[in-house]
Amino acid sequence: MYLFRTLETFVKTAAKQFPVLLVTGARQVGKTTFLQHISQNDRGYVTLDDPLVLDLARRDPALFMLSKVGDEMAFLRFLRAASARTAQMLNLAELARDADVSPNTAKSWLSILQASGIAYVLEPYHTNVTKRLVKTPKLYILDTGLCTYLTEWSSPETLEAGAMSGAILETWILTELLKSYWHNGRRAPFYYYRDKDQKEIDLLIVQDGLVYPLEIKKTASPGKNDVRHFQSLEKLKLPIGPGGLICLVGQSLPLTTSAHSIPLSAI
């Protein structure tokens with residue numbers, strides 16, 4: 001049984017303007033099923049699983065090749081190192097060192113991961129009002145299944161009790177929020193906040209002149225202390241909208257006059 005995808009509405013609109021559409025994304029998310037469904041009426045469907053089509057792609061690689069990786073083992077080391085850093089601030093020099101490649105190679109490979117929908121770089125919010133904000137982005141490996149496989153968590157139980165459980169949860173939530181924008185053909189106005197006093201807010205949604213702060217935390221007992229850094233936004237001189245803490249609660253409850261807990265099931 002085919003399940004309707006939000007992306008379908010946007011793709012049908014885009015199809016009226018573009019003769020060719022390419023759908024990319026992580027493995028096992030339904031790309032083939034989706035494309036086969038929407039191509040039943042008036043669109044052609046091409047897959048490189050067909051050896052003849054693949055051969056054509058190889059004979060004219062300029063049309064098909066979203067850069068050459070080369071050393072597959074080094075690329076695997078790079079993927080593992082990147083996965084271990086999901087939901088952390090990006091340090092390309094450290095990433096390159098762990099993969100034993102040059103910083104330029106690491107930068108190139110990161111761009112491949114971004115173009116293929118595997119990695120997402122969340123930029124820090126920055127303004128001229130204050131010079132105390134950090135300018136280093138955060139890295140997310142959006143395919144959390146691939147991320148946990150590469151970091152060798154063998155089961156949901158060991159992951160849930162492990163050191164990366166909070167980072168994987170944050171990554172999954174960010175991915176779901178990104179989908180809500182991307183699948184409707186919109187750019188996600190996402191940033192994060194961190195100042196030089198190490199006060200951090202996991203996600204800022206900047207929309208229509210308002211800043212909406214969100215924290216993400218693996219807890220079923222949230223309190224106002226979990227959203228205490230929302231007050232730091234006042235120095236930005238921007239209107240602040242309602243905020244929230246996405247966590248493991250069963251229902252939304254007020255934490256402060258302007259922030260609520262948000263159940264994971266609402267994402």
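Student: Which handedness does the crossing of α1 and α2 have?

Tutor: Keep in mind that we're looking at a predicted model. Here α1 passes α2 in a right-handed crossing.

Student: What else do I need to describe a pair like that?

Tutor: The general idea is simple: two packed helices are described by the angle between their axes and the distance between the axes. For α1 and α2, the axes cross at roughly 50° and come within 12 Å. That angle makes α1 oblique to α2, because the oblique class takes whatever is left once roughly parallel (under 35 degrees), roughly perpendicular (65 to 115) and roughly antiparallel (over 145) are taken out.

Student: Let me try another pair. At what angle do α4 and α5 pack, and how far apart are their axes?

Tutor: Helix α4 covers residues 72-84 and helix α5 covers residues 92-99; they pack at about 135°, with 8 Å between the axes. So α4 counts as oblique to α5. As for handedness, α4 passes α5 in a right-handed crossing.

Student: OK, on to sheets. In which order do the strands of the 3-strand sheet sit?

Tutor: For a sheet, read off the strand order, then the pairing direction, then the edges. This open sheet has the order β1-β3-β2, and its pairing is antiparallel. The edges are held by β1 (88-89) and β2 (119-122); each has a single partner strand, so one side of each lacks a neighbour in the sheet.

Student: How many bridges join β2 to β3?

Tutor: There are 4 of them, and β3 spans residues 138-141, running antiparallel to β2. If you'd like one to click on, Tyr120 has Tyr140 in β3 as its bridge partner.

Student: And how does the 5-strand sheet pair up?

Tutor: Same recipe. Its order is β4-β5-β6-β7-β8, it's open, and the pairing is mixed. At the edges stand β4 (190-194) and β8 (259-263), each with a single partner strand, so one side of each is left free of a neighbour in the sheet. Neighbouring strands in this sheet are turned by 30° against each other on average, ignoring direction.

Student: Which way do β6 and β7 run relative to each other, parallel or antiparallel?

Tutor: Parallel: 3 bridges join β6 (residues 210-216) to β7 (residues 243-247). Look for Leu214, which stands opposite Gly244 in β7.

Student: Last one, pockets. What is the volume of the second largest pocket?

Tutor: About 900 Å³. After volume, go through the lining: 32 residues, with Leu7, Thr24, Gly25, Trp182 and His183 nearest the centre. By type, the lining splits into 16 nonpolar, 9 polar and 7 charged residues.

Student: Which helix gives the most to that lining?

Tutor: That's α9, with 5 residues. Helices α1 (7-15), α2 (31-38) and α9 (165-182) each supply at least two lining residues, which takes us back to the α1 and α2 crossing we began with.

Methods. Residues are numbered from 1 along each chain as its sequence is written. This is a predicted model: local features need pLDDT of at least 70, side-chain atom pairs count only at pLDDT 80 or more; totals for chains, interfaces and linings use all residues. Side-chain values use heavy atoms; hydrogens and water are left out. Two strands pair if DSSP finds at least two bridges between them. On a 1 Å grid over the protein atoms alone, a cavity is a set of points where a 1.4 Å probe fits but cannot get out, and a pocket is an open set with protein on both sides within 12 Å along at least five of seven lines; lining residues have an atom within 4 Å of a point. Grid points are joined across faces, edges and corners, and a volume is the space filled by probe spheres set on the points. Ala, Val, Leu, Ile, Met, Phe, Trp, Tyr, Cys and Pro count as nonpolar, Asp, Glu, Lys and Arg as charged, and the others, Gly among them, as polar. Axes are lines fitted to C-alpha atoms, for helices over the stretch in contact, and angles run from 0 to 180 degrees between N-to-C directions. A crossing is left-handed if the near helix is turned anticlockwise from the far one by less than a right angle, and right-handed if clockwise.
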